[in-house]
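The report below describes selected packing and pairing features of one model.

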Amino acid sequence: MSSLKQLVTATAPATRYPYYIRRNSRGSLPVYSDIRNGGTRYLVSIRNVQGQINSLANDIKQSLFTHDSKEASRIKVQVIAQRHLVLSGGRWKNNVINWLVSKGF
């Protein structure tokens, strides 16, 4: 078995989720940042979610940060058009990408 297949099978958990996030044509996760209002409003969007997007929103709210942290109290998650998810309240693009990779996406 090639080293790439070994790496993928070693890091990908066997858990199946009711949602799926497909990588884009360049192989990256579709997680983007959007800075608005002159830099005072920072949004993180997850695009092209397939399946139960509300389940993904609940998982992010519950497990992205610990419950007693300041970030957990500030995070706001909004579903747009049943395909996109927008997080507001902080600069969390890298946290979201790391969280998705740890989930096996």
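Contact here means heavy atoms within 4.5 Å. This is a predicted model, in which local features need pLDDT of at least 70 and side-chain atom pairs count only at pLDDT 80 or more, while totals for chains, interfaces and linings use all residues. Residues are numbered from 1 along each chain as its sequence is written, and side-chain values use heavy atoms, with hydrogens and water left out.

Leaving aside neighbours within four places in sequence, L87 is in contact with Y42, L43, V44, I46, I60, L64, I75, K76, V77 and V96. The largest nonpolar core (buried Ala, Val, Leu, Ile, Met, Phe, Trp, Tyr and Cys residues joined through side-chain atoms within 4.5 Å) has 23 residues, of which I46, I60, L87 and V96 touch the most other members. The elements in the table, which are DSSP runs numbered from the N terminus (helices H or I, at least four residues; strands E, at least two), each give two or more residues to this core, and α2 gives the most, with four residues.

| Element | Residues |
|---|---|
| β1 | 19-21 |
| β3 | 41-46 |
| α2 | 53-63 |
| β6 | 84-88 |
| α4 | 93-103 |

Within α4, the buried residues (under 20% relative accessible area, 1.4 Å probe, protein chains only) are V96, W99 and L100. They lie on the same side of α4 because they cover an arc of only 95 degrees around the axis, the arc being that of the directions from the helix axis to the C-beta atoms. These buried residues pack against β1, β2 (31-36), β3, α2 and β6, whereas the face of α4 turned away from them carries N94, N98 and S102, which are exposed (over 50%).
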